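Thanks for making time this morning; I would like to walk you through one model, beginning with a strand pair and ending at the ligand.

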Amino acid sequence: METTFDMFIETEVPEDELIVSRTDFSGKITYVNETFAEISGYRPEELIGKPHNVIRHPDMPKSAFADMWAMLKRGEVWEGYVKNLRKDKGYYWVYARMSTVIKDGKPVEYKSVREPVSREKKIEMQNLYDKMRAEEEGHTRVVLYVKNDALETLEKMEVDSQ
Ligand SMILES: Cc1cc2nc3c(=O)[nH]c(=O)nc-3n(C[C@H](O)[C@H](O)[C@H](O)COP(=O)(O)O)c2cc1C
C-alpha cells in the first residue's frame, strides 16, 4: 500500500500588527491591509473584489460561518476562532472580530480585525471544528500534529524505508 503524506505549513500571526479586511454586504472584499495580504500570501490587488471565502479553509465547519452571518445581519458583533487558507495552501489561525461599519448612522460595510491564537487554543479549536464537520458531513478526518524537532526523525524514517 502506498502512503501519501501532505504537509501544510502554518504561518504564525504576529502579535503586534492588526490584520484588517472589509467587505460589502455580500461578503466581497473591498479592503485589506498589508498585513492581511502578507499573512494570506496574496497581493492586496488579488483580493479586492473577491468573495471573502477565497481564504476559507476546508477544515472550517459551515455552521461557524452561518452563525457569523446571522449575527452580522442582526447588527451584532461576532467573535471567534478561524482557520484560514493561504494562497500556497498553508494555513493560519486567527481570533477574529467581525462587525458592521456605521457611517452617519447607517450601516455601510462589514469589517474584521484579527489577532493571534495560542498553540493550545489552536489544538482545542481544531478538535472542535473536526467534530462539528464530522457531524455536518458524516465523516471524520484524522489530523496529525508534528512538532518541528520531530520532522527530522520523520524525514529519516522516509529515507530508511526507501
Ligand atoms: C468582514 C468579513 C470577514 C470575513 N473574514 C473571513 C475570513 O477571514 N475567513 C473566512 O473563511 N471567511 C471569512 N468571512 C466569511 C466569508 O464571507 C464566507 O462566508 C466563509 O468563508 C464561508 O464560505 P461560504 O459562505 O462560501 O460557505 C468573512 C466575512 C465577513 C463579512
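**From the hairpin to the ligand shell**

Let me start with Arg22, which stands opposite Tyr31 in β2. This is a predicted model, in which local features need pLDDT of at least 70 and side-chain atom pairs count only at pLDDT 80 or more, while totals for chains, interfaces and linings use all residues. Residues are numbered from 1 along each chain as its sequence is written.

Strands β1 (residues 19-23) and β2 (residues 29-32) run antiparallel and are joined by three bridges; strands here are DSSP runs of E, at least two residues, and helices runs of H or I, at least four, numbered from the N terminus, and two strands pair if DSSP finds at least two bridges between them. The two form a hairpin with five residues between them, and Gly27 in the turn has a positive phi of about 95°.

The hairpin belongs to an open sheet of five strands, ordered β2-β1-β5-β4-β3 with antiparallel pairing, in which β2 and β3 are the edge strands, each pairing on one side only. Between β4 and β5 the antiparallel pairing extends over nine bridges, and Ser99 stands opposite Lys111 in β5.

Turning to the ligand, 17 residues lie around it, and Gly27, the turn residue, comes nearest together with His52, Asn53, Arg56 and Ser112; a residue counts as near if its C-beta atom, placed from the backbone, lies within 6 Å of the molecule. Which element gives the largest share of that shell? It is β5, with three residues.
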